[in-house]
Amino acid sequence: MLKLTNVNSFYDRSHILHAVCLDIPIGKVTAVLGRNGTGKTTLLKTLMGLTDRMEGQINLEGTEIGKEPTFRRARAGIAYVPQGREIIPDFSIRENILMGAFARPDGKREIPELVPELFPYLMDNLERAGGVLSGGQQQQLAIARALAAQPKIILLDEPNEGIQPSIVEEIEAVIIRLNREVGLTVVLVEQNVAFARQAAHYFAMMEKGRIVVSGAIDELSDDMVHRHMAV
Ligand SMILES: Nc1ncnc2c1ncn2[C@@H]1O[C@H](COP(=O)(O)OP(=O)(O)OP(=O)(O)O)[C@@H](O)[C@H]1O
């Protein structure tokens, strides 16, 4: 279990997450849902230690990690694919992928073995600059970079945002495979409820920095979606 207990999180003096308690089961997909600005990205950043300050506990399979710096959380097996992807445009595909390898437990810098299978385009174009890729290819690259750390848990922030529809289905299929076939634990921030229902086992709905309802995905009712996600 990745377990958050009474987590409060801050940017400078702005108090964004309020008393968040959430159990994220290992080996499953948990979807984090909610309107824009409700703190979904902040929840992922807090798990990575990327907000200015946090109070409360984050426990990963019995070890408290809430006070650890980001690189130790990465070494502990948590990888982060940020919203907007944050590819370095002047670095090649290879260099962008290998940036993720800094957190590999054995210190090796290698293209992860899943890349040829999941993202053949990237494998065939390793020397191309990251900046010339389409949004969908950059999303693939950001996932490949996360996999280079050999993570146990992958945090995905709106992986389909701004991606052409033809590639959305490919990315969705990869996310499902990463869980069902590779066995990764996935925390998925998602606006597309249909995909969340398809991919996730559990959900957490956020409103104003709080988790207002959570549970098994088949307990996510249309009424909850309407109440907490309609604009
Ligand atoms: N670096 C920052 N400094 C101060 N406030 C911030 C910062 N980043 C985000 N916020 C604020 O924190 C709140 C939650 O933002 P967050 O990005 O976590 O929401 P979100 O649910 O992920 O929204 P979106 O779907 O738009 O990404 C918002 O009010 C936002 O303005």
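What is the mean pLDDT of the chain, and what percentage of its residues reach 70 or more? The structure on screen is a predicted model, with a mean pLDDT of 96 for the chain and 100% of its residues at 70 or more. The scores for the model are ipTM 0.95 and pTM 0.96.

**Stop 1: the ligand**

Select the ligand and show the residues around it. The shell consists of Tyr 11, Ser 14, Ile 16, Gly 34, Asn 36, Gly 37, Thr 38, Gly 39, Lys 40, Thr 41, Thr 42 and Gln 83. Two elements give two or more residues to this shell: strand 2 (14–24) and helix 1 (40–48). Helix 1 gives the most, with three residues. Colour the shell by residue type, and it divides into nine polar residues, two nonpolar and one charged.

**Stop 2: the open sheet**

Next select strands 1, 2, 4 and 5. They form an open sheet of four strands in the order 2-1-4-5, and the pairing is antiparallel. Strand 2 and strand 5 are at the edges with a single partner strand each, so each has one side without a neighbour in the sheet.

Now keep strand 1 and strand 4 (residues 53–60) in view. Seven bridges join this antiparallel pair. To find a place along the pairing, select Ser 9, which has Met 54 of strand 4 opposite.

**Stop 3: Asp 12**

Move to the loop between strand 1 (2–11) and strand 2, where Asp 12 lies. Its phi is near 50°, a positive value in a residue other than glycine. Is Asp 12 buried or exposed? Asp 12 counts as exposed because it has 8 C-beta neighbours inside 10 Å.

**Stop 4: strand 3**

Select residues 29–33, which make up strand 3. Five of the five residues are buried, so the strand is largely enclosed by the rest of the structure. Show the side chains and look at the directions they take. In a regular strand, side chains alternate between the two faces of the sheet. Here Val 29, Ala 31 and Leu 33 point one way, Thr 30 and Val 32 point the other way, and all are buried.

Which strands pair with strand 3? One is strand 8 (residues 185–189), which runs parallel to strand 3 and is joined to it by four bridges. Ala 31 has Leu 188 of strand 8 as its bridge partner. Another is strand 9 (residues 202–207), again paired in the parallel sense over four bridges. In strand 9, Ala 204 is opposite Val 32.

**Stop 5: Ala 200**

From strand 9, go to the loop that lies between it and helix 8 (193–199), and select Ala 200. Ala 200 is buried because 25 other C-beta atoms lie within 10 Å. Leaving out residues up to four places away in sequence, Ala 200 touches Val 29, Thr 30, Ala 31, Leu 188 and Ile 217. Three of these names, Val 29, Thr 30 and Ala 31, belong to strand 3. Add Asn 179 to the selection: it is 21 residues from Ala 200 along the chain, and the two C-alpha atoms are separated by 9.6 Å.

**Stop 6: helix 6**

Select residues 135–147. This is helix 6, with 13 residues and a reach of 18 Å from its first C-alpha to its last, close to the 18 Å expected at 1.5 Å a residue. The helix is mostly covered, with twelve of its 13 residues buried. Among the buried residues are Gly 136, Leu 141, Ile 143, Arg 145 and Leu 147.

What do the buried residues of helix 6 pack against? Show strand 6 (78–81) and strand 7 (153–157), then helix 3 (93–99), helix 4 (114–118), helix 5 (120–124) and helix 7 (165–180); the buried residues pack against these elements.

**Stop 7: Glu 158**

Stay with strand 7 and helix 7, and select Glu 158 in the loop between them. Glu 158 has a positive phi of about 45° although it is not a glycine. With 20 C-beta neighbours inside 10 Å, Glu 158 counts as buried.

**Stop 8: Glu 68**

Finish in the loop between strand 5 (63–64) and helix 2 (70–75), where Glu 68 has its place. Glu 68 counts as partly exposed, because it has 16 C-beta neighbours inside 10 Å. Its contacts are Gly 49 and Arg 73, not counting residues up to four places away in sequence. For a last distance, select Ala 129: it is 61 residues from Glu 68 along the chain, and their C-alpha atoms are separated by 33 Å.

Definitions and conventions:
Residues numbered from 1 in each chain as written. Predicted model: local features only at pLDDT ≥ 70, side-chain atom pairs only at ≥ 80, totals over all residues. Near = placed C-beta within 6 Å. Nonpolar A, V, L, I, M, F, W, Y, C, P; charged D, E, K, R; others polar. pLDDT = per-residue confidence, 0-100. Expected span 1.5 Å × (residues − 1). Contact = placed C-beta atoms within 7 Å. Pairing = 2+ DSSP bridges.
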